[in-house]
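User: Could you walk me through how the terms for this binding site are justified?

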Amino acid sequence: MSDDQREIQTHSMKIRPMKLEDVPRVHEIDVLSFALPWPEKSYLFELMENPTTLALVVEVTQTNHSPLVIGMVVVWIIMDEAHIATIAIHPAYRRQGYGNKLLAETLRQIIQRGVVAATLEVRENNQLAQQMYQKFGFRIVGHRLHYYKDNNEDAVLMTVDKLGVQYLDWLGQLAI
Ligand SMILES: CC(C)(COP(=O)(O)OP(=O)(O)OC[C@H]1O[C@@H](n2cnc3c(N)ncnc32)[C@H](O)[C@@H]1OP(=O)(O)O)[C@@H](O)C(=O)NCCC(=O)NCCS
């Protein structure tokens, strides 16, 4: 199985590559999660035209057995560096470990593609997300002043480096 087809699956959830038909639902989650959501066409661009993109979704199986996308991540991979462009879990499914699982699987997949460092921007006031990233070894390396145009909020720039085999072992021990 190639990286692009890789899936992780448990009895009721799986993390799999994002498909074009996921985009309306992904956009719905985006609108519920961010003050400045991406337009649907940005996701279409990422899937169809951006060869550097890794885009994954979290899919759960509902009690009626139908699948439902409840989270997504988009990562840009340039050489051995990755930038996590967006990550969100649907509000109704938060605090159940899906964010941890999605971030862990994203880090696994980018490491397998040879990435050694990952960065992201997060709103200064978004402490919950910052806590999640810190759990995975991201640390604050800078600030981008007035980065978010809706309220002029600063972005915190976070990085995790030394990604590699040892980090993968450590991730395994986190049992996420
Ligand atoms: C950030 C986000 C993806 C986390 O998803 P989630 O499924 O709720 O996350 P999990 O339940 O797996 O928790 C992940 C970690 O986040 C932190 N966290 C998330 N919500 C928290 C809360 N309400 N209180 C305390 N810590 C919280 C914790 O460190 C937690 O790890 P722990 O449970 O082992 O302590 C989700 O809150 C979200 O989509 N937020 C809106 C979009 C967003 O802010 N994305 C990040 C932008 S950079």
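**The pocket and its ligand**

Analyst: Happy to. By class, 21 nonpolar, nine polar and seven charged residues form the lining of the largest pocket. The model is predicted, so local features need pLDDT of at least 70 and side-chain atom pairs pLDDT 80 or more, while totals for chains, interfaces and linings use all residues. Residues are numbered from 1 along each chain, and side-chain values use heavy atoms, without hydrogens and water.

User: What makes a residue nonpolar, polar or charged here?

Analyst: Ala, Val, Leu, Ile, Met, Phe, Trp, Tyr, Cys and Pro count as nonpolar, Asp, Glu, Lys and Arg as charged, and the others, Gly among them, as polar. The shell around the ligand divides into ten nonpolar, seven polar and four charged residues.

User: How do you know which residues are around the ligand?

Analyst: A residue is near if one of its heavy atoms lies within 4 Å of the molecule. Of the 21 residues around the ligand, I89, R95, N100, N126 and K135 come nearest.

User: Why is the approach to R95 called a polar contact?

Analyst: A polar contact is a pair of N or O atoms within 3.5 Å. An oxygen atom of the ligand is 2.8 Å from a polar backbone atom of R95, so the pair qualifies. For Q96, the distance from a ligand oxygen to a polar backbone atom is 3.3 Å.

User: Which element gives the most to the shell around the ligand?

Analyst: That is α4, with six residues. Helices (H or I, at least four residues) and strands (E, at least two) are DSSP runs, numbered from the N terminus.

Technical notes: A polar contact is a pair of N or O atoms within 3.5 Å; within protein, one must be able to donate a hydrogen and the other to accept it, and residues adjacent in sequence count only if both atoms are side-chain atoms.
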